[in-house]
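Student: Could you take me through one part of this model in detail? I would like to start with a surface feature and then see what surrounds it in the chain.

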Amino acid sequence: MTPKGRPVGERRSAKHEGSVVCIVLLCVLIGCALSLVTSRHQARRLTVELEREQQHARQFEVEFGQLSLEQSTWGMPARVEKIARESLRMQLPASSRVEIVEAAQDKSK
């Protein structure tokens with residue numbers, strides 16, 4: 001027996017329990033720290049990826065604007081007519097050969 005009246009084995013188990021609790025808390029602390037580092041790293045990686053994709057989106061918007069302008073230029077009636085005359089040797093028909101056809105109206109209305 002110890003001077004305080006406890007058996008010797010009982011005192012050691014209380015001390016042992018405190019050490020186990022400290023080790024468990026240390027493991028939990030290390031796990032939390034690793035989780036924090038991992039989540040911050042993933043957040044930074046995703047932020048960089050987001051910025052990269054936003055840059056691609058801006059480039060695509062610029063390219064779309066350029067292609068739209070080019071499409072409108074290529075499709076201008078004057079340009080089409082010029083190519084038809086020069087390359088394909090096409091001519092407008094004489095006004096006597098032009099007929100205007102009215103669109104058929106739906107009789108069920």
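Tutor: Happy to; let's begin with Leu29, which sits in helix H1, spanning residues 8–74. Keep in mind that this is a predicted model. With a relative accessibility of 57%, Leu29 counts as exposed, because the cut-off for exposed is over 50%. Leu29 belongs to a nonpolar surface patch together with Leu26, Ile30 and Leu34, and the four have about 410 Å² of accessible area together.

Helix H1 also holds a charged pair: Arg45 and Glu49 are four residues apart there, so about one helical turn separates them. Their side chains meet in a salt bridge, at 4.0 Å from N to O. Both ends are partly exposed, Arg45 at 42% relative accessible area and Glu49 at 36%.

The whole structure has two salt bridges, and the other place to look is helix H2. Arg85 and Glu81 both lie in that helix, four residues apart, or about one turn. Their closest N and O atoms are 2.6 Å apart. Here too the partners are partly exposed, with Arg85 at 42% and Glu81 at 38%.

After helix H2 (77–86) comes the segment with Arg89. Arg89 is not a glycine, yet its phi is positive, about 55 degrees. Most residues other than glycine have a negative phi. Arg89 is exposed, at 73% relative accessibility.

Stepping back, the chain has two helices and zero strands. Buried residues make up 2% of its 109 residues. Its accessible surface comes to about 10900 Å², with 60% of that belonging to carbon and sulfur atoms.

Note on methods: Residues numbered from 1 in each chain as written. Predicted model: local features only at pLDDT ≥ 70, side-chain atom pairs only at ≥ 80, totals over all residues. Heavy atoms only, no water. Patch = residues over 30% accessible without salt bridge, like charges linked within 9 Å, V, L, I, M, F, W, Y side chains within 5 Å. Areas by Shrake-Rupley, 256 points an atom, 1.4 Å probe, with all protein chains shown as cover. Buried < 20%, exposed > 50% of the residue type's maximum accessible area, 1.4 Å probe, protein only.
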